[in-house]
Amino acid sequence: MGALLRKQVMTIEKAAQPLQCQGEFRYEEPLARYTSWRVGGPAERMFLPADKDDLVLFLKTLPSEDSLFWLGLGSNVLVRDGGIRGAVICTRGRLKVMRLQSEHSVFIEAGVPCAHVARFCSEQGLAGAEFLAGIPGTFGGALAMNAGAFGGEAWGLVKTVQTVNKQGLFQEREVKEFEIGYRHVIGRVDEWFLSATLVLSPEKNGRSLNRIRELLAKRAQTQPIQLPSCGSVFRNPSGDYAARLIEASGLKGHIIGGASVSEKHANFIVNNGGATSAEIEKLIHYIIKEVEKKQGIILKTEVCVVGDEARKG
């Protein structure tokens with residue numbers, strides 16, 4: 001009876017969606033398909049916009065009381081096993097416009113993978129974005145947390161950003177309007193990044209593509225890229241490295257269920273096959289507790305933990 005009622009509710013919800021939207025609606029969509037850890041419960045309602053205008057149309061029709069979560073490549077997020085209620089906007093394969101704005105600047109939409117940004121800038125004869133090749137997410141996600149790799153940070157390239165709010169209204173904002181730090185960005189509540197204009201330097205020696213190849217080779221040597229992970233789980237404490245602290249605490253290889261601390265890089269938790277979000281989250285908390293006990297330092301997470309605990313019944 002409960003399953004029948006839920007099916008009826010979903011049918012009503014589908015019928016109520018704005019017919020003008022060109023994007024795709026999905027219901028009870030398993031989010032394990034969309035996260036780099038390959039775990040997570042369902043999205044109650046997911047929208048995949050056709051383009052920026054389609055996204056704005058969806059936002060303008062979204063009831064004000066509905067919760068909203070944005071998902072790109074899912075590389076810095078742990079979705080709990082109960083999934084996410086409300087609406088999820090997925091930009092994977094969407095909002096992917098890149099273009100040269102001027103001699104030294106490029107326009108990048110939020111759904112473009114960071115690795116593609118690095119290569120595009122290099123192909124335009126611009127240097128400074130090579131480090132983005134080491135960030136396994138979209139540029140929108142990189143803006144949201146000031147993601148970094150190999151000594152570079154996303155906001156170090158930004159001139160302006162374009163945001164959209166829950167009512168579908170655009171804003172052009174300058175860097176000075178945000179509080180930006182290490183893996184930390186604070187801006188207006190209920191505004192999300194749609195695009196950015198980046199300023200780079202002209203390439204003088206033609207080495208940027210080689211630099212990207214070198215960084216990717218280094219990443220392959222030092223990170224467990226062959227197994228599902230979220231990238232770095234913890235922020236580096238001032239003057240130290242999370243990986244060193246975790247390894248010094250004897251936690252390399254520690255296993256909880258299908259999740260383990262990587263033997264290759266201690267700041268990575270990998271899904272060895274069949275891990276649940278609950279097991280990964282339990283391992284995160286165990287690492288924090290053990291590092292504090294043995295090293296006297298409280299690690300803070302980079303990864304964003306969202307959603308509900310596993311649904312029962």
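A salt bridge is taken here as a side-chain nitrogen of Lys or Arg within 4 Å of a carboxyl oxygen of Asp or Glu. In this predicted model, Lys293 and Glu290 form such a contact, with their closest N and O atoms 3.2 Å apart. The two residues belong to helix α7, where they are three residues apart, about one turn of the helix. Lys293 counts as exposed, at 59% relative accessibility, whereas Glu290, at 5% relative accessibility, counts as buried.

A search of the whole structure yields 19 salt bridges. Among them is the pair of Arg85 and Asp308, in which the closest N and O atoms are 3.3 Å apart. Arg85 is located in strand β5 (residues 84-90) and Asp308 in the segment after β20 (304-306), so this salt bridge ties together parts that are 223 residues apart in sequence. Both partners are partly exposed: the relative accessibility of Arg85 is 41%, and Asp308 has a relative accessible area of 29%.

A further salt bridge joins Arg183 to Glu302, with a separation of 3.5 Å between the closest N and O atoms. Because Arg183 lies in the loop between β13 (179-181) and β14 (184-186), and Glu302 in the loop between α7 (277-295) and β20, the pair ties together parts that are 119 residues apart in sequence. Arg183 and Glu302 are both buried.

Salt bridges also link Glu24, Arg26, Glu29 and Arg33 in a network.

Definitions and conventions:
Residues numbered from 1 in each chain as written. Predicted model: local features only at pLDDT ≥ 70, side-chain atom pairs only at ≥ 80, totals over all residues. Heavy atoms only, no water. Helix = DSSP H or I, 4+ residues; strand = E, 2+ residues; numbered from the N terminus. Buried < 20%, exposed > 50% of the residue type's maximum accessible area, 1.4 Å probe, protein only.
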